[in-house]
Amino acid sequence: MEKIEKIIQIAKKRGFVFPNSEIYGGLSGTYDFGPIGFLLKKKIIDFWREFFIKSEDNIFEIESSLIMPEKVFEASSHLKGFIDPITKCKKCKNVFRADHLIEDSTKMFVEGMSPEELTRIIRERNIRCPKCGGELEDVKVFNLMFQMNVGALGDTKGYLRPETAQGIFVNFKNVLVSTRAKLPFGIAQIGKSFRNEISPRQWLIRLREFTQAEIEFFINPEEKTFEKLKDYENVKIRILSREAQKESKKEEEMTVREALEKGIIPSEYMAYFIAKEQLFYESLGVPKEAIRFRHMLPEETPHYSKGNVDMEILFDFGWKEVVGNAYRSDYDLKKHAEYSKTDLSYVVDDGRKIIPHVVEPSFGIERTIYAILLYSFIEDKERGWDWFKFAPKIAPISVAVFPLLNKEEMINKSLEIYKSLRKEFDAIFDKSGSIGKRYARSDEIGIPLAITIDHQTLEDNTVTIRDRDTTKQERVKIEKLIDRLKDLLKLENY
Ligand code: AMP
């Protein structure tokens, strides 16, 4: 069985991820998080907030509505531009992404081409339905936003937001006034986004409902240097340049400062976030060689952007974007100012009004979870079971408590310890089956430490702590247990 199939199986069996409404046959492109997956996701988000928001003094977090009025997406160009080209098989009626079909069968790069051009290529190259070989219809465009009719009369058009960013732009002025923030400053948002993807696939990779963590970092475009970059400019990253992509070459390692100087990263502010992204994913267990930054080609870059750089991770199926970095300039604020007829300018020190530029890192949380599951998964023949080597700060459960035997005295003592630990850690208590089985189950959900209460505990108030990674055990006094666990978990060490 492929590694990822094993992971998906364990994820279901042990309560990480379930298909949505599975008892009714599911709904493709949507998943639910079970008790363990929920905690994993929460801890990843907590760590993200710690690393990208709480460590900064000028990034403000908000939570905006999921449903937004049509005007927002008229202004942001999503109504016109958030589209995919599709084609339908005349025979079996299956619908496909036309650009993907062409790219798969001809290896041509067709990003940005019009429906007419795509139809012409399909006809010239005689591309047929991949399912039944039938003839394909002319290419049409399909808007990926979920539209809804709001209110009893249903006459107000609304949309489920396709990105969290627009909720930030429409609140720019509210946040500015309420916080009295000074440029440069950021507004962040973590929450659900919705896209009616034509062919959801690859488990948590292409979903119709997913979680984004986005920061819109507003800057004065005249101020090109960002002091804070000094602490990060020597972070090494792997860059896939435009030339390398054209000539099918590999990525090369350089510092973020070098990538800036080569003009691959368009701004010091973006360089700062890129360096932090590298450190964030490394500290979550994704190896250096599996992280690269791809300079997006001119034909993939929106006209208003001063440069986009995707952070990609090497998955079992190949490289895939996990964080999008975009220099969106003043495009969004200008458009919203125009459509809403609201002044969205910022007054700089000399009294002039400017429209700030914005640099945006946009993280996909489910893709991050996929990467973490993939790179934490240890196929362990020696141990006899497979397990997850989660970094302790994101391990769903930190500590397991086991009575060695099913004896009343041992169980009572274990419950007493378990209760005291629950105040400090996410902990579980398990008394069923042999101790070996319990270690296996706790490894399978990546619990870093397991405590066993045995005969000796009842005599001298000591317990054993088993380390998930080494399986080594040490004995500690119960009164020292919490401190020792904190020490071993190093939860505060970001
Ligand atoms: P984008 O706005 O398309 O650059 O998306 C920003 C980030 O959101 C991507 O880097 C992904 O991590 C995530 N993302 C976008 N679309 C999806 C999707 N359909 N399913 C899961 N994650 C997604």
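Which strands does helix 14 (residues 408-422) lie across? Keep that one in mind while you load the structure, which is a predicted model. Residue numbers start from 1 along the chain, so you can type the selections below as they stand.

**Stop 1: a five-strand sheet and its helices**

Select residues 408-422 to pick out helix 14. Helix 14 lies across strand 22 (399-403), strand 23, strand 24 and strand 25. Line up your view with strand 22, and you'll find helix 14 running at about 165° to strand 22.

Now colour the sheet under your cursor. It's an open sheet of 5 strands, and the order to follow is 23-22-24-25-26, with mixed pairing. The edge strands are strand 23 (427-429) and strand 26 (473-477), and each of them pairs on one side only. From one strand to the next, the twist averages 25°.

Zoom in on strand 24 (residues 449-453) and strand 25 (residues 462-467). These two pair in the antiparallel sense, over 4 bridges. Want one pair to click on? Pick Thr452, and its bridge partner in strand 25 is Thr464. As a bit of background, strands of a sheet pair through backbone hydrogen bonds, either parallel or antiparallel.

Next, select residues 478-489 for helix 17. Helix 17 lies across strand 22, strand 24, strand 25 and strand 26. Its direction is about 135° to strand 26.

**Stop 2: Asp443**

Select residues 435-444, which make up helix 15, and find Asp443 in there. Is Asp443 buried or exposed? Asp443 counts as buried because its relative accessibility is 0%.

Show the side chains around it to see who the neighbours are. Leaving out residues up to four places away in sequence, Asp443 touches Arg383, Trp385, Trp387, Phe388, Arg466 and Arg468.

**Stop 3: a three-strand sheet**

Jump back along the chain to another open sheet, this one of 3 strands in the order 4-9-8, with antiparallel pairing. Strand 4 (67-69) and strand 8 (147-150) stand at the edges, each with a single partner strand, so one side of each has no neighbour in the sheet. Ignoring direction, neighbouring strands here are turned by 45° against each other on average.

Select strand 8 together with strand 9 (residues 156-160): the two run antiparallel, and 4 bridges join them. For a pair to look at, click Gln147, then go to its bridge partner in strand 9, Tyr159.

**Stop 4: some backbone oddities**

Select Leu183 and Pro184. The peptide bond from Leu183 to Pro184 is cis, with omega near -5°. You'll find Pro184 in the loop between helix 8 (172-179) and strand 10 (185-194).

Carry on past strand 10 to the loop between strand 10 and strand 11 (209-219), where Gln202 lies. Gln202 isn't a glycine, yet its phi is positive, near 55°. Trp203 is in the loop between strand 10 and strand 11 too. Trp203 also isn't a glycine, and it has a positive phi of about 55°.

Switch on a surface and compare how each one sits. Gln202 is partly exposed, with a relative accessible area of 31%, while Trp203 counts as buried because its relative accessibility is 10%.

**Stop 5: strand 12 and a cavity**

Last stop: select strand 12 (residues 236-240) and strand 13 (residues 252-255). They pair in the antiparallel sense over 4 bridges. Arg238 stands opposite Glu253 in strand 13.

Then add strand 14 (residues 291-295). Strand 12 pairs with strand 14 in the parallel sense, over 2 bridges. Here the pair to click is Ile239, which stands opposite Phe293 in strand 14.

How many cavities of 30 Å³ or more does the structure hold? It holds 1, and the largest cavity has a volume of about 40 Å³. To see its lining, select Lys236, Ile237, Arg238, Glu253, Gln278 and Lys288. Strand 12 gives the most to that lining, with 3 residues. Colour the lining by type, and it divides into 1 nonpolar, 1 polar and 4 charged residues. Notice that Arg238 and Glu253, the pair you clicked across strands 12 and 13, are both among the lining residues.

Key:
Predicted model: local features only at pLDDT ≥ 70, side-chain atom pairs only at ≥ 80, totals over all residues. Heavy atoms only, no water. Pairing = 2+ DSSP bridges. 1 Å grid on protein atoms, 1.4 Å probe; cavity = no way out; pocket = protein on both sides within 12 Å on 5 of 7 lines; lining within 4 Å. Points joined across faces, edges and corners; volume = space filled by probe spheres on them. Nonpolar A, V, L, I, M, F, W, Y, C, P; charged D, E, K, R; others polar. Axes fitted to C-alpha atoms, helices over the stretch in contact; angles between N-to-C directions. Buried < 20%, exposed > 50% of the residue type's maximum accessible area, 1.4 Å probe, protein only. Contact = heavy atoms within 4.5 Å.
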